[in-house]
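Welcome, and please get your viewer ready. We will go from one selection to the next and see what each one shows.

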Amino acid sequence: MIRIAIIGGGISGLSAAYGLEKQQRKGAELNYVLFEASARLGGVLCTERVGDNVIEAGPDSFLTEKPWATDLCRDLGLGDQLIGSNDSERRTYILLNGSLVPLPDGLMFMVPTDFPATFLSPLFSWRTKLRFLREWFYRPAPHVPESTAAEFIERHYGREMLERVADPLLAGVYGGSADELSAASVLARFVDIEAKQGSLGRAMVTARKLQGLSSDKRSPGQSKAGPAMRSLFTSLKNGMQTMVDALVAQIPESARRTSTPIDAVKPESGKWLVEASGRTVEFDGVIIATPAYLAAGLLQSQIPQLSSELEQIRYSSSITVALAYDEKARASLPSGFGFLVPWAEGKRIRACTFVHNKFPNRAEVGTALLRCFLGGTRDGEILQLADAEIAATVRRELQEILGISAEPSFVKIYRWPRAMAQYTIGHKGRVDRVRQIVSAAPGLALAGNAYAGIGIPNCIRSGSEAATKVITDLAGGAAARAHGLIAPSRGRN
């Protein structure tokens, strides 16, 4: 009987456990135990209800185009719970000199594809607009050294595009700074275009025409998507916690160990020793689905080379603040999904989502439900403030930006210390070295947002692939496939 330990009960660890559970039900001779240091499973996926308001403490959705989360939900019987974002309402604003300015239609991240809309936008100066035209003639650059996202964006579109659009967008996704993030890791598609085709704008416009989407305005700005088009974001009717609850329900209680922090993981005589609270338990394989810095600590004494690589993966911290306002405040708000705040604006709010617009049935009738995001690599110190100070800061800045002076009916504050991996310069090489070391360690696998994507679908995939790797190592690749233990995997993207 194969015994496997899973350390970390976030979405990656739960996905790994679910993969092992399914193999066990098919007759695989294995047992597993899921260890989680905290009292609850699910990690940053956490939903709270206040009346009929659905409040996400962490991520509120996932990208529809990445299939792993949708596939998992359907496999769990949650297909009828999936809901798409209200893309007809999708407009995003940028705070510029204290006023909200909409992103122009056709802006594909930072690449203009609708020149009339871009040239009429007050978001950019004429100097930057002329830079957009010049970029059309950018020649292929196949041998450019690894660049930061800031360097990459600036050489195509200039500093204004970087500071007003790209950096706030990257801060919203990664909680990091374009000056530190690696373009090869966070803008991989655009880096590939630069190397092969040169101009990002020319390539994106050509691609849209080839796909018959030349009139589609889907972008971080307003969407005019028709009913046949998939929504950009997908969530669940009753919140992201629904996915966690469904996964936990599939894992026997006897296989779950919450409030059980692990002290060390050691290979010995072809086995893996897992140490917790002075007790050592022997396993044939182990999946470490914790943040990289915790994985580094677990492996430090026995696999120092791997630990050293993992320690170099930095993390950012963040705070989510949810506030509810009355019908009068809701009527005063602009349409759209929310706004982003460039660093130069001098605010501590990095972004704000108008939850009542983004998804259906998320807020009580007549209620304005807002989620504000603070922190990131530039402002990690905000986590040191008391809740009252954070709430006061958010309310003051919302009044300055949106003119809301009313008292919120409630304020909820959620802190996420060192939760978001930062894909800095050298990240791809670092991950390649990590994978090489792990591949040479039979029965060991890593999962989480530190390696090949930070979104929920990527984390789900990493957990599933970790389970497959351990089964393959322990059962033998050919034998595992022959007995149906290993399912064909989708290609990476």
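Which residues in α8 meet which residues in α9? Select Arg189, Phe190, Ile193 and Glu194 in α8, then Leu200, Ala203 and Met204 in α9: these are in contact (heavy atoms within 4.5 Å). They divide into five nonpolar, no polar and two charged residues, where Ala, Val, Leu, Ile, Met, Phe, Trp, Tyr, Cys and Pro count as nonpolar, Asp, Glu, Lys and Arg as charged, and the others, Gly among them, as polar.

A word on what you are viewing: this is a predicted model, in which local features need pLDDT of at least 70 and side-chain atom pairs count only at pLDDT 80 or more, while totals for chains, interfaces and linings use all residues. Residues are numbered from 1 along each chain as its sequence is written, and side-chain values use heavy atoms, with hydrogens and water left out.

Now show α8 (188–196) and α9 (200–210) as ribbons; helices (H or I, at least four residues) and strands (E, at least two) are DSSP runs, numbered from the N terminus. Their axes come within 9 Å and cross at roughly 105 degrees; the axes are lines fitted to C-alpha atoms, for helices over the stretch in contact, and angles run from 0 to 180 degrees between N-to-C directions. The two helices are therefore roughly perpendicular (65 to 115 degrees).

Keep Phe190 selected and add Met110, Ile153, Ile288, Leu306 and Leu310: these have the most contacts inside the largest nonpolar core, which has 69 residues. Such a core is a set of buried (under 20% relative accessible area, 1.4 Å probe, protein chains only) Ala, Val, Leu, Ile, Met, Phe, Trp, Tyr and Cys residues joined through side-chain atoms within 4.5 Å. Helix α6 (159–174) gives the most to this core, with seven residues. Another core, of 42 residues, lies apart from it and includes Ile11, Met240, Met243 and Val248.

Next, colour the open sheet of seven strands, in the order β8-β7-β18-β19-β20-β17-β21, with mixed pairing; two strands pair if DSSP finds at least two bridges between them. β8 (99–102) and β21 (410–421) stand at the edges with a single partner strand each, so one side of each has no neighbour in the sheet. Zoom in on β7 (92–96) and β18 (338–340), which run parallel and are joined by three bridges. Tyr93 has Phe339 in β18 as its bridge partner. Helix α6 packs on this sheet, touching β7, β17 (315–325), β18 and β21.

Last stop: is Gln81 buried or exposed? At 18% relative accessibility, Gln81 counts as buried.

Terms used. Parallel < 35°, antiparallel > 145°, perpendicular 65-115°, else oblique. Buried < 20%, exposed > 50% of the residue type's maximum accessible area, 1.4 Å probe, protein only.
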